[in-house]
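Work through the exercises below with the sequence and the model open. Each task is followed by a solution in steps.

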Amino acid sequence: MSLPAEPYVELPKHIYQKGVKHLCENGVTQVPQKYILPPQERPVSLVVNDCIHLPVIDFTQLQGMDRSRVLKVLSNACREFGFFQVVNHGIADEVIGKMIDVSKRFFELPFEERQRYMSNNLSQPVRYGTSFNQNNDGVFCWRDFLKLSCHPMQDFAPLWPSSPVDLREAVGEYSMKTRHLYERVMDAILESLGLTDEKVISKDGNQLVMVNCYPACPQPELTLGLPPHSDYGLLTLLLQDQVEGLQIQHNDRWVTVKPIPNSFVVNIGDQFEIFSNGRYKSVVHRVAVNSMRSRLSVASLHSVNENVTPSPKLIDYLNPKRYEDTNYADFLHYLTSSEFKCKRFLESRRIR
Ligand code: OGA
Ligand code: NI
């Protein structure tokens, strides 16, 4: 016997624009219509979710005698998965712990306090928002976020939320440490491509710290925390709490990344796939939510403003230039132009 379908709740725009946390605080017990994906895009109907242990890079070994061996592991990871995890990275547990803790406390502030940073202007350097792109998304996703521009720090730190009182200090410390780690990881990635003296990719680009909050969801099978997308920039360093949720596309399946405590998940972004002329992959990933626990992640997104073009050293007879030159304006145009099915800017730059 099948039960009659419950009517799904329709929400007015001014409510869902306030975010998922706000909905949950107001006692939502089923996923409203606005968040329900068409059946073929829902998480369970796609493929069975298996767990995957991503290749692990021991940062201490990378910086030591074993560098050339670790570079090979790194290179394989970037080709095969577009993802790897970094352990023994030298960022103190305390710095990481404070960042997670202060982020949780930010999302627990009264809505009015969080709302001060709310904006649907994508180019605001500090922005509290919801979904993936709340201006364009037809179906909303089950995520709220706090976006913090971080570099140069003296320009942006005064704009970061003043509450909780220790937020600026924690973000300042965290963003400096992750930026340093990013630079060392980028050195290794360039070296693994044989591009040791490459000046083409400036490491002095943008850094965005994106704090993602995925509240526990009453019907996780109907929606997603983040839809399938690839990251726009060069490289992303992701810190996740101990709740699973990140899934990557690998051999046409969705696989769940098993979190390793206090490690970073690192992935190649679109800009780097272009720069590497397709050697290293910017892989599509998404976030599943769960009914038991809310989940928090902190992504440090590194990108450059200038034009990115495939490195001439990686173009030859057998490997013709695979992508159009690309800049941030193209990306913004793409983001605002339409609602896209899979959030993948890269496809629009590919030379066929
Ligand atoms: C992102 C992202 C994954 C996560 O912020 O681009 O993919 O687990 N986050 O939050
Ligand atoms: Ni992402």
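## Exercise 1: the metal site

In this predicted model, the nickel ion (ligand 2) is coordinated by His229 (NE2), Asp231 (OD) and His285 (NE2), at 2.1 to 2.2 Å.

Task: State which spacing the donors of the nickel ion (ligand 2) follow along the chain, and find where Asp231 and His285 lie.

Solution.
- Step 1. Read the donors in chain order: the spacing is H-x1-D-x53-H.
- Step 2. Place two of the donors: Asp231 sits in the loop between strand S7 (226-229) and strand S8 (235-240), while His285 belongs to strand S12 (residues 285-287).
- Step 3. Asp231 and His285 are 54 residues apart in sequence, so the pair ties together separate parts of the chain.
- Step 4. Check accessibility: Asp231 and His285 are both buried, the cut-off being under 20% relative accessible area.

## Exercise 2: ligand 1

Task: List the residues around ligand 1, then pick out side chains with a polar atom close to one of its oxygen atoms.

Solution.
- Step 1. The surroundings of ligand 1 consist of Asn212, Tyr214, Leu226, His229, Asp231, Leu238, Leu246, His285, Val287, Arg295, Ser297 and Ala299.
- Step 2. From the side chain of Ser297, an N or O atom is 2.6 Å from an oxygen atom of ligand 1.
- Step 3. For His229, the corresponding distance from a side-chain N or O atom to an oxygen atom of ligand 1 is 3.1 Å.
- Step 4. For Asp231, a polar side-chain atom lies 3.2 Å from an oxygen atom of ligand 1.
- Step 5. On its own, ligand 1 has 290 Å² of accessible area, and the protein covers 94% of it.
- Step 6. Compare with Exercise 1: His229, Asp231 and His285, listed around ligand 1, also coordinate the nickel ion (ligand 2).

## Exercise 3: the annotated span

Task: Which residues does the UniProt annotation "domain: Fe2OG dioxygenase" cover, and how far apart are the end C-alpha atoms of that span?

Solution.
- Step 1. According to the unreviewed UniProt entry, the annotation covers residues 204-304.
- Step 2. The end C-alpha atoms of residues 204-304 are 8 Å apart.
- Step 3. By secondary structure, residues 204-304 are 6% helix and 46% strand.

## Exercise 4: salt bridges

Task: The structure holds 14 salt bridges. For the bridges of Glu25 with Arg114, Arg67 with Glu191 and Glu273 with Arg350, give the N to O distance and the parts of the chain that are linked.

Solution.
- Step 1. In the bridge between Glu25 and Arg114, the closest N and O atoms are 2.9 Å apart. Glu25 is in helix H2 (residues 20-25) and Arg114 in helix H7 (residues 111-115), so this pair ties together parts 89 residues apart in sequence.
- Step 2. Arg114 is buried, at 0% relative accessible area, whereas Glu25 is partly exposed, at 41%. Lys21 joins Glu25 and Arg114 in a network of salt bridges.
- Step 3. For Arg67 and Glu191, the closest N and O atoms are 2.8 Å apart. The bridge links helix H5 (residues 67-80), which holds Arg67, with helix H9 (residues 167-192), which holds Glu191, 124 residues apart.
- Step 4. Glu191 is partly exposed, with a relative accessible area of 31%.
- Step 5. Glu273 and Arg350 meet at 3.8 Å, N to O. Glu273 is in helix H10 (residues 270-275) and Arg350 in the segment after helix H11 (328-337), 77 residues apart.
- Step 6. Glu273 is buried, at 2% relative accessibility, and Arg350 is partly exposed, at 27%.

How values were computed: Residues are numbered from 1 along each chain as its sequence is written. Chains are lettered from A and ligands numbered from 1 in the order in which they are written. This is a predicted model: local features need pLDDT of at least 70, side-chain atom pairs count only at pLDDT 80 or more; totals for chains, interfaces and linings use all residues. Side-chain values use heavy atoms; hydrogens and water are left out. A salt bridge is a side-chain nitrogen of Lys or Arg within 4 Å of a carboxyl oxygen of Asp or Glu. Helices (H or I, at least four residues) and strands (E, at least two) are DSSP runs, numbered from the N terminus. Buried means under 20% relative accessible area, exposed over 50%, partly exposed in between (1.4 Å probe, protein chains only). UniProt positions are given in the numbering used here, feature names are shortened, and annotations may be inferred rather than shown by experiment. A residue is near a molecule or strand if one of its heavy atoms lies within 4 Å of it. A polar contact is a pair of N or O atoms within 3.5 Å; within protein, one must be able to donate a hydrogen and the other to accept it, and residues adjacent in sequence count only if both atoms are side-chain atoms. Accessible areas come from the Shrake-Rupley method with a 1.4 Å probe; for residues, only the protein chains shown count as cover. Donors are N, O and S atoms within 2.8 Å of the metal (3.2 Å for Na, K and Ca); water is not among the atoms, so sites may look incomplete.
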